[in-house]
Amino acid sequence: AFLVEEVSSKMKGIFSLLLGVGVVSGSLLSSVLCRRSIKLGIVPTAIFGLSGILFLAVIIPAQNAAAYGVMTLIGFAAGVFMVPLYGFVQDRSAAHERSQVLAGVGLIDCLGGTAANLLVFGLLTAHVPSTAQLGLMAAISLGAAFFMLRVRRYRDH
């Protein structure tokens, strides 16, 4: 399993570092791609990628060198996903309301992170294996990808 409970603290730290490197790299790439216009088409692509990489993480043992690349790719897909959405929100908000809108987005982001952490805590407390946790995250990401496709199609019409 990718993130088995026997994984050392050192390896967990390395995984966290690689996740952060991936997020920064993905955000930078997405920023370059969206520098002239916001490309919302990147969002479902990034989420589909994230879902696929999470499914891959389920089958790769944490001790395998490929696990480091997979963790970096998870962060990369997340970084690519975030930039166009944040840009879209900033672009659509009125100048005099932008600070309130961004504060609201930040609050929703924090609440979503808190809910995700509570879910993971509950899964850990219930002794759900890490492979099942990753599979659940992959399934949620896949559902979000299909939702974003639907929203994008609706918006384009």
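**Figure 1. Contacts of Leu 85 in the predicted model.** Leu 85 touches Leu 40, Val 43 and Met 148, not counting residues up to four places away in sequence. Leu 85 itself belongs to helix 3. With a relative accessibility of 23%, Leu 85 counts as partly exposed, because buried is the term for values under 20%. The view also takes in Ile 42, which is 43 residues from Leu 85 along the chain, with 9.5 Å between the two C-alpha atoms.

**Figure 2. Helix 3 and its buried residues.** Helix 3 runs over residues 66–92. Its 27 residues should span 39 Å at 1.5 Å a residue, and the end C-alpha atoms are 40 Å apart, which agrees. The buried residues of this helix are Ala 67, Val 70, Met 71, Ile 74, Gly 75, Ala 77, Gly 79, Val 80 and Pro 84. They pack against helix 1 and helix 2.

**Figure 3. Helix 2 and its buried residues.** Helix 2 covers residues 42–59. For its 18 residues, a rise of 1.5 Å a residue gives an expected span of 26 Å, and the distance between the end C-alpha atoms is 26 Å, in agreement. Buried here are Ile 42, Val 43, Pro 44, Ala 46, Ile 47, Leu 50, Ser 51, Ile 53, Leu 54 and Ala 57.

**Figure 4. Ser 51 and Leu 50 in helix 2.** Is Ser 51 buried or exposed? Its relative accessibility is 1%, so Ser 51 counts as buried. When neighbours within four places in sequence are left aside, Ser 51 is in contact with Ala 138, Ser 141 and Leu 142. On the same basis, Leu 50 is in contact with Ile 74, Ala 77 and Ser 141.

**Figure 5. The largest nonpolar core.** This core has 16 residues, and those that touch the most other members are Phe 15, Leu 50, Ile 53, Leu 54, Ala 57, Val 70 and Ile 74. At least two core residues come from each of helix 1 (9–33), helix 2, helix 3 and helix 5 (130–156). Which helix gives the most to this core? Helix 3 does, with five residues. Another core, of five residues, lies apart from this one, and Leu 40, Val 43, Ala 145 and Met 148 are among its members.

**Figure 6. The largest pocket and its lining.** About 1,600 Å³ of space lies in this pocket. It is lined by 41 residues, of which Leu 50, Leu 54, Ala 116, Met 137 and Ser 141 are the closest to the pocket centre. Helix 1, helix 2, helix 3, helix 4 (98–125) and helix 5 are the elements that give two or more residues to the lining. The most comes from helix 4, which gives eleven residues. Sorted by class, the lining of the largest pocket has 30 nonpolar, eight polar and three charged residues.

**Figure 7. His 127 in the loop between helix 4 and helix 5.** His 127 is not a glycine, yet it has a positive phi of about 60°. Its relative accessible area is 71%, so His 127 is exposed.

How values were computed. Residues are numbered from 1 along each chain as its sequence is written. This is a predicted model: local features need pLDDT of at least 70, side-chain atom pairs count only at pLDDT 80 or more; totals for chains, interfaces and linings use all residues. Side-chain values use heavy atoms; hydrogens and water are left out. Helices (H or I, at least four residues) and strands (E, at least two) are DSSP runs, numbered from the N terminus. Buried means under 20% relative accessible area, exposed over 50%, partly exposed in between (1.4 Å probe, protein chains only). Contact means heavy atoms within 4.5 Å. A nonpolar core is a set of buried Ala, Val, Leu, Ile, Met, Phe, Trp, Tyr and Cys residues joined through side-chain atoms within 4.5 Å. On a 1 Å grid over the protein atoms alone, a cavity is a set of points where a 1.4 Å probe fits but cannot get out, and a pocket is an open set with protein on both sides within 12 Å along at least five of seven lines; lining residues have an atom within 4 Å of a point. Grid points are joined across faces, edges and corners, and a volume is the space filled by probe spheres set on the points. Ala, Val, Leu, Ile, Met, Phe, Trp, Tyr, Cys and Pro count as nonpolar, Asp, Glu, Lys and Arg as charged, and the others, Gly among them, as polar. The expected span of a helix is 1.5 Å times one less than its number of residues.
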